[in-house]
Amino acid sequence: MISANQKIDHSKTLCTKCRTREATLSFSIDPKTLCNRCFAEGLERRLRARLRAFNLSAQTLIKYLDDKSAAAAATAFILHLMLGKTQTHIKRVTHVEPETFLPLSIEEVTAEGLRAFLDQNVPLSLPRSAVANASMPELEMFCTLKGLSYTPRHPHQNRFLEEIQLKYPQTYFSTLASLEQLERNTQKVKSRHPRSKKEQL
Ligand SMILES: [Zn+2]
C-alpha cells in the first residue's frame with residue numbers, strides 16, 4: 001500500500017515502448033521517447049531489417065569502409081552480428097572499393113540522393129550504406145550503449161531537409177523511401193524493362 005508520503009513521481013516520463021522504465025532518449029528523426037534498452041533494441045531491429053534487404057547470404061566477401069565514425073562502427077557491428085557465424089568474410093577497408101558499405105547515415109544518404117536527383121543523374125544510384133535508415137545521433141548513441149568506440153562526426157546534411165524534418169518528424173524516412181523507389185524505377189527504365197503502371201514515375 002502506498003502511504004501519503006510515497007507518492008509516485010509523475011515528473012518522470014515513461015518510455016513509450018515498454019511503459020515501465022524511464023524515458024531517457026528522444027531523437028528528432030523519431031518522435032518516440034524511449035528508455036536506453038528499448039532504443040538499442042529498436043535500432044538493432046531496424047538495422048537488421050535493412051541489412052537483410054541486401055540479400056548478402058550468398059556472398060563470401062563483404063567490405064565496409066572504416067572512417068572511425070559511429071556509422072562505420074554500427075555497420076561492422078551489424079555485419080558481424082548477422083553474418084559472423086556464416087562463411088562470409090567481413091573485411092574492413094580504409095579506401096573506397098567497389099561494393100563497399102559506406103559509413104553514411106540517413107542525413108548523408110538523403111542529401112547525396114537529392115543532389116543526384118536534382119542534377120538529373122539518371123539512373124539514380126544511392127550510396128551503399130547498411131545504416132542509411134538511422135540518423136548520426138542515433139548511431140552515436142547506439143555505439144555508446146553497445147560499448148563500441150567511435151569518433152564523433154557531424155554528418156553533411158541538406159539544410160532544406162533538416163528544416164522540414166524539424167516540423168515533420170517522418171521527413172527523413174519518407175525521403176529515403178522515395179529516393180530508393182526512384183533508384184529502382186530509374187534503373188529499370190535504363191535497362192528497358194517493361195514498366196508496370198505502379199512503377200511509373
Ligand atoms: Zn523502454
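Reader: In which sense do strand S3 and S5 pair?
Author: In this predicted model, strand S3 covers residues 61-65. Its pairing with S5 runs over 2 bridges, and one bridge partner of Tyr64 in S5 is Phe101. The sense of the S3 and S5 pairing is parallel.

Reader: What is the order of the strands in the open sheet?
Author: The open sheet holds 3 strands with parallel pairing. Strand S4 (89-93) and strand S5 (100-101) each have a single partner strand, so they stand at the edges and one side of each is left without a neighbour in the sheet. The order is therefore S4-S3-S5.

Reader: What angle does the direction of helix H2 make with that of S3?
Author: Helix H2, residues 70-83, packs on the sheet. Its contacts there are with S3, S4 and S5. The direction of H2 makes an angle with that of S3 of about 160 degrees.

Reader: How far apart are the end C-alpha atoms of H2, and what span should its 14 residues have?
Author: H2 has 14 residues, and at 1.5 Å a residue these should span 20 Å. The model agrees with this expectation, because the end C-alpha atoms of H2 are apart by 19 Å.

Reader: Which elements do the buried residues of H2 pack against?
Author: The buried residues of H2 include the run Ala70, Ala71, Ala72, Ala73 and Ala74. Thr75, Phe77, Ile78 and Leu79 are also buried. These buried residues of H2 pack against S3, S4, S5, helix H1 (36-52) and helix H4 (136-146).

Reader: Are H2 and H4 oblique or roughly perpendicular to each other?
Author: The axes of H2 and H4 come within 8 Å and cross at roughly 60 degrees. H2 passes H4 in a left-handed crossing. In this contact, Ala70, Ala71, Ala73, Ala74 and Phe77 of H2 meet Met136, Leu139, Glu140, Phe142, Cys143 and Lys146 of H4. Roughly perpendicular begins at 65 degrees, and the two helices are therefore oblique.

Reader: How are H1 and H2 oriented to each other, and what is the term for it?
Author: The axes of H1 and H2 come within 10 Å and cross at roughly 70 degrees. The residues that meet are Leu47, Arg48 and Leu51 in H1 and Ala74, Ile78 and Met82 in H2. The orientation of H1 and H2 is therefore roughly perpendicular.

Reader: What is the handedness of the crossing in which H1 passes H4?
Author: The axes of H1 and H4 come within 10 Å and cross at roughly 110 degrees, and the two helices are therefore roughly perpendicular. Asn36, Phe39, Ala40 and Leu43 in H1 meet Glu138, Met141, Phe142, Leu145 and Lys146 in H4. The crossing in which H1 passes H4 is left-handed.

Reader: Does Thr100 count as buried, partly exposed or exposed, and why?
Author: Thr100 is found in strand S5. Not counting residues up to four places away in sequence, Thr100 touches Lys63, Tyr64, Leu65, Val93 and Arg128. A buried residue needs 20 or more C-beta neighbours and an exposed one has 12 or fewer. Thr100 has 15 inside 10 Å, and therefore counts as partly exposed.

Reader: How far apart in space are Thr100 and Pro127, C-alpha to C-alpha?
Author: In sequence, Thr100 and Pro127 are 27 residues apart. In space, their C-alpha to C-alpha separation is 9.5 Å.

Reader: Which residue just after H3 takes a positive phi?
Author: Helix H3 covers residues 106-118, and its 13 residues should span 18 Å, which agrees with the 18 Å between its end C-alpha atoms. Its buried residues include Ile106, Val109 and Ala111. Just after H3, a positive phi of about 55 degrees is taken by Gln120.

Reader: Which residues does the cis peptide bond with omega of about 0 degrees join?
Author: One partner of this bond, Pro123, lies in the loop between H3 and H4. The cis peptide bond joins Val122 and Pro123.

Reader: Is Asn55 buried or exposed?
Author: Asn55 is found in the loop between H1 and S3. Its phi is near 50 degrees, a positive value in a residue other than glycine. With 8 other C-beta atoms within 10 Å, Asn55 is therefore exposed.

Key: Residues numbered from 1 in each chain as written. Predicted model: local features only at pLDDT ≥ 70, side-chain atom pairs only at ≥ 80, totals over all residues. Pairing = 2+ DSSP bridges. Helix = DSSP H or I, 4+ residues; strand = E, 2+ residues; numbered from the N terminus. Contact = placed C-beta atoms within 7 Å. Axes fitted to C-alpha atoms, helices over the stretch in contact; angles between N-to-C directions. Expected span 1.5 Å × (residues − 1). Parallel < 35°, antiparallel > 145°, perpendicular 65-115°, else oblique. Left-handed = near helix turned anticlockwise from the far one by under 90°.
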